[in-house]
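Reader: I'm in my first year and new to looking at models like this one. Could you pick one part, take me through it closely, and then show me how it sits in the rest?

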Amino acid sequence: MAREFFQRIDSWLDATGEKLEKKKIRLYVDIITPIIFIIFAVAVLLAMPSQIALLSSSSINERSFPTLLMFLIIICGVVLLGKEIFNIVAKKKVNIVETTALVEVKALIILGILVLYWLLMGLIGFIISSILLGLAMLMFFRVKKPSYYIIVSVVAVLIGVFFRYVLNVRLP
């Protein structure tokens, strides 16, 4: 019963993968990357007041270095973005990467698994969420050997126990 279920999922994944493999995507990486970093830096700057408490009233405080780094990232991102926009306007060669939709969907699925891991760690703890992460990754990469699933589970437990009882570090 379970074997048939997984075989049906495998065949559906193969059919979907074949369709996505045929779809090509063109990415302007030198434009997308600075935009992503600028958004990241702005998000960090917006989150910083709630994450880093001010303990001193001096001009250089706990937020100074992170703020400096975020503004440096924003400045570099704007310079790179401006350079690429200039290249487009001047009709110069622009770095375009062509990939398939399958590669991007796989990356998004892995990102989703990692976000789910992060969310679950606060709810169910490090060991169980790490076991689930390992099992999800093995399933995602279609690993068939049962021993690998056991090894991943045991290693997650051993890492959790090592941190808790040997290093005296409490994990979530």
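**A close look at one helix pair**

Author: Let's start with the whole chain: among its contacts with a separation of 6 or more, 63% join residues that are 24 or more positions apart. Keep in mind as we go that this is a predicted model. The chain holds 6 helices and 2 strands, and if you read along the sequence they come in the pattern α-β-α-α-β-α-α-α.

Now zoom in on helix 2 and helix 3. Two packed helices are described by the angle between their axes and by how far apart those axes are. Helix 2 covers residues 29-51 and helix 3 covers residues 64-89; their axes lie 8 Å apart, at an angle of about 155 degrees. Because of that angle, helix 2 is roughly antiparallel to helix 3, since anything over 145 degrees gets that label. If you want the handedness too, this crossing is left-handed.

Which residues of helix 2 and helix 3 make the contact? On the helix 2 side, try picking out Ile-31, Phe-37, Phe-40, Val-44 and Met-48, which are among the residues involved. Facing them from helix 3, the list includes Met-70, Phe-71, Ile-74, Leu-81 and Ile-88. Sort the residues of this contact by character and you get 20 nonpolar, 2 polar and 2 charged. Asp-30 of helix 2 and Glu-84 of helix 3 are also part of the contact.

Stay with helix 2 a moment and find Gln-51, which is part of that helix. Is Gln-51 buried or exposed? Its relative accessibility is 65%, so it counts as exposed. From Gln-51 to Arg-63 is 12 residues along the sequence, and their C-alpha atoms are 9.7 Å apart in space.

Past helix 3, look for Lys-91, in the loop that runs from helix 3 to strand 2 (97-100). The phi angle of Lys-91 is near 60 degrees, which is a positive value in a residue other than glycine. Lys-91 is also exposed, with 76% relative accessible area.

Now for a second helix pair. Helix 5 (residues 126-140) and helix 6 (residues 146-166) cross at roughly 155 degrees, and their axes come within 9 Å. Helix 5 and helix 6 are therefore roughly antiparallel to each other. Here the crossing is right-handed. Among the residues in this contact are Phe-126, Ile-131 and Leu-138 of helix 5, along with Tyr-148, Tyr-149 and Val-157 of helix 6. The contact of helix 5 with helix 6 divides into 13 nonpolar, 4 polar and no charged residues.

Between helix 5 and helix 6 there's a loop, and Arg-142 sits in it. Phi of Arg-142 is near 55 degrees, again positive in a residue other than glycine. With 31% relative accessible area, Arg-142 is partly exposed.

Finally, step back to the full view. The C-alpha trace of the chain spans about 60 × 50 × 20 Å along its principal axes. A compact globule of 172 residues would have a radius of gyration near 16 Å, but this chain comes out at 23 Å. Of the 172 residues in the chain, 20% are buried.

How values were computed. Residues are numbered from 1 along each chain as its sequence is written. This is a predicted model: local features need pLDDT of at least 70, side-chain atom pairs count only at pLDDT 80 or more; totals for chains, interfaces and linings use all residues. Side-chain values use heavy atoms; hydrogens and water are left out. Axes are lines fitted to C-alpha atoms, for helices over the stretch in contact, and angles run from 0 to 180 degrees between N-to-C directions. Helices (H or I, at least four residues) and strands (E, at least two) are DSSP runs, numbered from the N terminus. Angles under 35 degrees count as roughly parallel, over 145 as roughly antiparallel, 65 to 115 as roughly perpendicular and the rest as oblique. A crossing is left-handed if the near helix is turned anticlockwise from the far one by less than a right angle, and right-handed if clockwise. Contact means heavy atoms within 4.5 Å. Ala, Val, Leu, Ile, Met, Phe, Trp, Tyr, Cys and Pro count as nonpolar, Asp, Glu, Lys and Arg as charged, and the others, Gly among them, as polar. The radius of gyration is taken over C-alpha atoms; the globule rule is 2.2 Å times the number of residues to the power 0.38. Buried means under 20% relative accessible area, exposed over 50%, partly exposed in between (1.4 Å probe, protein chains only).
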